[in-house]
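Visitor: Hey, I'm new to this one. Could you walk me through it?
Guide: Sure, let's pull it up and you can fire away.

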Amino acid sequence: MTKKTEQILDLIDIKDIKEASSNYRRLFDEESILELSQSIKQHGVISPLLVRPIKEKRKTFYEVIAGSRRYKAALMANIDQLPVIIREMDDEEAFELQISENLQRKDVHPLDEAYAIVKFYEKGYTTEEVAKRLAKPASYITQRSKLSNLHFKLQPLFYEGKVSYTQAFDMARLEMEIQDNFVEKYFLKADESELKDINVKELVNGQTRFMTSALWDLSKEGIADKPACKSCPKNTECNLLLFPEFVDDPKCLDANCYDEKEKAFVIDLIEESKSKTEYYQIKFDWRDHKSYSKIAEQYGLINIRSK
């Protein structure tokens with residue numbers, strides 16, 4: 001027979017209640033909390049918070065497991081006492097209940113869901129295990145968790161609905177260096193009315209290179225002192241769950257790295273051929289026609305053609 005967990009309904013001083021350190025939610029809707037605080041001033045807290053007792057320096061405090069919004073609103077409303085359900089539980093059970101309570105809300109924000117999944121990862125769960133627990137496909141778990149990588153300056157805008165889910169996801173799957181550039185160059189300079197007009201996919205297309213256009217062996221290490229493209233996380237082919245649109249034509253998400261490799265490869269070709277009397281033909285991307293011509297002229301090569 002399963003032992004029933006003992007619960008105690010009580011009214012305790014708000015000064016003895018603490019926010020759980022394990023709460024992964026980063027931002028709360030201040031306006032909705034203010035509205036809730038006004039309601040609490042008039043009617044009190046109707047639904048009790050779920051808390052667990054914790055000992056700190058010989059004093060017992062109560063950690064909020066479920067009801068963070070009510071707790072914050074009660075603080076704002078200057079309420080002295082709160083109704084609570086006190087339950088003894090270990091860290092693992094507290095974690096499970098926090099996740100369940102947050103993800104079962106009808107208005108759960110994608111970022112909150114992302115941070116919940118990250119918490120599972122931090123505790124050693126695999127994508128497949130998280131998918132099973134949350135009853136979601138593994139691809140959904142991978143894509144949703146990536147939102148936690150969204151630039152910190154965009155997260156508040158995403159919570160407020162000023163940046164769309166599509167924009168947030170398209171940004172979050174990029175390296176932070178690229179996000180930094182886009183945030184400073186486009187998002188922070190745009191008026192609020194213009195934010196949702198920013199097409200991240202179009203911006204990405206201008207910062208990427210087609211892997212099929214590479215002149216070098218993608219599995220070769222050390223070109224321009226960089227790792228091989230074949231296994232690089234900036235190669236969309238290495239993460240098709242995040243970049244399914246590039247399944248047939250993979251891209252490099254780091255144009256600077258790609259261009260450095262391209263230039264280093266061309267220079268190596270020129271070095272190998274500069275002692276030969278015949279002309280050496282090099283295929284190169286049209287974007288760098290002038291720069292490669294200069295490199296060729298430096299080594300006395302004149303028969304350069306673009307593809």
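Visitor: How many aromatic pairs does a search of the whole structure find?
Guide: The search turns up 7 aromatic pairs. Keep in mind that this is a predicted model. Take Phe243 and Phe246, which form a stacked pair. Their centres are 6.4 Å apart, with 25 degrees between the planes.

Visitor: And are Phe243 and Phe246 buried or exposed?
Guide: Phe243 has 3% relative accessibility, so it counts as buried. Phe246 is buried too, at 12%.

Visitor: Which residues form an aromatic cluster?
Guide: Phe95, Phe120 and Tyr125 make up one cluster.

Visitor: What lies over the face of Phe61?
Guide: That's Lys18, at 4.3 Å from the ring centre. There's also Lys136, which lies over the face of Tyr140 at 4.9 Å from the ring centre.

Visitor: OK, switching topic. How many residues are in the largest nonpolar core?
Guide: It has 29 residues. Among those with the most contacts inside it are Leu147, Leu154, Met171, Leu174 and Phe187.

Visitor: Which helices supply residues of this core?
Guide: α4 (110-122), α7 (155-159), α8 (165-172), α9 (176-187) and α10 (200-205) each give at least two.

Visitor: What is Leu174 in contact with?
Guide: Setting aside its neighbours within four places in sequence, Leu174 is in contact with Asn149, Gln179, Phe182, Val200, Val204 and Leu253.
Guide: There's a second, separate core as well, with 17 residues. Ile12, Ile33, Val64 and Val84 are included in that one.

Visitor: Let's look at strand β5. Is it mostly covered or mostly uncovered?
Guide: Mostly covered: β5 spans residues 81-87, and 5 of its 7 residues are buried.

Visitor: How many bridges join β1 to β5?
Guide: There are 7, and β1 (residues 7-13) runs antiparallel to β5. As one of the facing residues, Ile12 stands opposite Leu82 in β5.

Visitor: What about β3 and β5, parallel or antiparallel?
Guide: Those two run parallel, joined by 3 bridges, with β3 covering residues 49-56. Val51 has Ile86 in β5 as its bridge partner.

Visitor: New topic: how many disulfides does a search of the whole structure find?
Guide: It finds 0.

Visitor: Why no bond for Cys229?
Guide: Because the closest cysteine sulfur, in Cys252, is 6.4 Å from the sulfur of Cys229, which is too far for a bond. The cut-off for a disulfide is sulfur atoms within 2.5 Å. Cys229 counts as buried, at 8% relative accessibility.

Visitor: And Cys257, why no bond there?
Guide: Its closest cysteine sulfur is also in Cys252, and at 5.8 Å that is too far for a bond. Cys257 counts as buried, at 19% relative accessibility. The limit for buried is under 20%.

Visitor: Last thing: what is phi for Ala135?
Guide: Near 55 degrees, a positive value in a residue other than glycine. Most residues other than glycine have a negative phi.

Visitor: Where is Ala135 found?
Guide: In the loop between α5 (127-134) and α6 (138-146). Ala135 counts as exposed, at 67% relative accessibility.

Visitor: And what about phi of Asp225?
Guide: It's near 60 degrees, again positive in a residue other than glycine. Asp225 is found in the loop between β6 (209-210) and β7 (251-252). With a relative accessible area of 78%, Asp225 is exposed.

Methods
Residues numbered from 1 in each chain as written. Predicted model: local features only at pLDDT ≥ 70, side-chain atom pairs only at ≥ 80, totals over all residues. Heavy atoms only, no water. Core = buried A, V, L, I, M, F, W, Y, C linked by side-chain atoms within 4.5 Å. Buried < 20%, exposed > 50% of the residue type's maximum accessible area, 1.4 Å probe, protein only. Helix = DSSP H or I, 4+ residues; strand = E, 2+ residues; numbered from the N terminus. Contact = heavy atoms within 4.5 Å. Pairing = 2+ DSSP bridges. Phe/Tyr/Trp six-rings, centres within 6.5 Å; stacked < 30°, edge-to-face > 60°. Lys NZ or Arg CZ within 6 Å of the ring centre and 35° of its normal.
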